[in-house]
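Could you walk me through this structure in my viewer? I would like to know what to select next and what is there.

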Amino acid sequence: MAVKSEPTRILILGGGYVGLYTALGLQKKLRANEASVTVVDPQPHMTYQPFLPEAAAGSIEPRHVVVPLRRVLRRCHVLTARVTSIENESKTVTVEAPDGHIEQLHYDVLVVALGSVARLLPIPGLAEQGIAFKTIGEAIYLRNHVLTKLDEAASTLDPELRKRLLTFTVVGGGFAGIEALAELEDMTRDATRYYENIQPEDIRWVLVEAAGRILPEVRETLGVWTAEQLEKRGIEVYLSTAAKSFEDGHVVLSDGTEFDSDTIIWTAGVKANPVLAESDLPRDKRGRLQATAALQVVGHPEVWTAGDIASVPDLSRTEGDPTATCPPNAQHAVRQARHLAKNIITVLRGGTPSDYFHKNLGAVAGLGLHKGVADAMKLKIKGFPAWLFHRAYHVKAMPTFNRKVRIMLDWVLGGLFRRETVSLGQINNPKEEFDRASRS
């Protein structure tokens, strides 16, 4: 019997939930020289996105919500580069390195885990005024930006400018939007203790959602309860309302409401990574990779996929709806990745891959310090218990023991000494003072 002279080349595109957990599973179970694993991502870390709102609000140190790929993937090759095209017919992926040079990577087994990007709509002013909330950089920027607006508002003598500076707009009522809104509003309310001329009621937070409800991931009664809690905190909630324009920071809504806002946070949906348009792999009508329940790309058993970029049949719902697919969320991505790693090992050793079947664990959302909502284990949980459940669930899901401990220490220190509410806005333009000095 012929013996393979070289190990199987496994190429993983993306270092997010799916990429990291798949690589972790493979490096743990692969035998010596059985296969080589290469992970490609434009960032040298994985970001645990459910903790971004707490990082933005100062409850968690931003470095603790990211996992350095090279540190945890000791038995894998990590390449910091951006994927530009996929040609499965020749088993080639083209990437662009940070220095601009183009490189082609060859593979025997491919894992496409490129995730999603913000889905922008053709709204005037959105591209210029809006900022998404998907990366650690965006979370840090928003924290500094929001606190800087408080500093500017405390210093200005113009009442109209002050009103604009203290108006913050969030578009999108899903988990990302609600958690970002709730945590940042909580932070600004806490920060007013240090401003003599800014009261909590001076700050205006606005939520805009095109659908008739928020938090579609939980049962409707909990979504209604959450909206009521936000309104009790003074947050303006516009449901069944679309944004029409953001030009020059002037917000125009479909119901005729108009106001000025210096902060527009866009969380209204995601779409599959557009790199798929530069590939020869099959996509569905939403641009996601067509996948089997075993997490293989339809018609290409050597290509695997999972997470936001994949259209994976949801076997827990297909009896009632044959077209049902798994929603793009962290819970599915993590569990699919672990299953995917097992399936790749099984196939490498001559076995048959098994189907991914999702048993819903429920959904949890943090609504600021000591506040939350959860729809889990057939229970509706609100307030402080839901907040505890939210933290317990996500610290359990956070990769590596190192990060779990650091995050829990952040919470303990925050409880003892209160969170820091200081802007480090200079990091957004670190050369400003140097340039000013060079001109003097």
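Here is a short tour, stop by stop, through a model that is predicted.

**The sheet**

Start by selecting the open sheet of six strands, whose order is E5-E2-E1-E9-E22-E21 with mixed pairing. Look at its edges: strand E5 (77–80) and strand E21 (296–297) each have a single partner strand, so one side of each is left without a neighbour in the sheet. Now highlight strand E2 (residues 35–41) together with E5; the two pair in the parallel sense over four bridges. To see one of these up close, pick threonine 38, whose bridge partner in E5 is histidine 77.

**Two helices on the sheet**

Next, bring up H1, which packs on the sheet and touches strand E1 (8–13) and E2. The direction of H1 makes about 155° with that of E1. Then add helix H9 (residues 330–348), which also packs on the sheet, in contact with E1, E2, strand E9 (109–112) and strand E22 (300–305). For H9, the angle of about 155° is taken with the direction of E22.

Stay with helix H1 (residues 17–29) for a moment: its 13 residues reach 18 Å from first C-alpha to last, close to the 18 Å expected at 1.5 Å a residue. Why is H1 described as largely enclosed by the rest of the structure? Ten of its 13 residues are buried, so the rest of the structure encloses most of it. Colour the buried residues of H1 to see this; among them are Tyr17, Leu20, Tyr21, Leu26 and Gln27.

**A buried loop residue**

Move on to asparagine 88, in the loop between strand E6 (82–87) and strand E7 (92–96). Is asparagine 88 buried or exposed? Asparagine 88 is buried, with a relative accessible area of 4%. Show its surroundings and you will find that, leaving aside residues up to four places away in sequence, asparagine 88 touches Tyr107, Asp280, Leu281, His300, Glu302 and Val303.

**The hairpin**

From that loop, carry on into E7 and its partner, strand E8 (residues 102–106): they run antiparallel and are joined by five bridges. Select glutamate 96 and you will see isoleucine 102 of E8 opposite. The hairpin of E7 and E8 has five residues between the strands, and glycine 100 there takes a positive phi near 100°.

**Last stop**

Finish at glutamate 6, in the segment before E1. Glutamate 6 is exposed, with a relative accessible area of 55%. Draw a distance from its C-alpha to that of proline 122: the two are 116 residues apart in sequence and 50 Å apart in space.

Conventions
Residues are numbered from 1 along each chain as its sequence is written. This is a predicted model: local features need pLDDT of at least 70, side-chain atom pairs count only at pLDDT 80 or more; totals for chains, interfaces and linings use all residues. Side-chain values use heavy atoms; hydrogens and water are left out. The expected span of a helix is 1.5 Å times one less than its number of residues. Buried means under 20% relative accessible area, exposed over 50%, partly exposed in between (1.4 Å probe, protein chains only). Contact means heavy atoms within 4.5 Å. Two strands pair if DSSP finds at least two bridges between them. Axes are lines fitted to C-alpha atoms, for helices over the stretch in contact, and angles run from 0 to 180 degrees between N-to-C directions.
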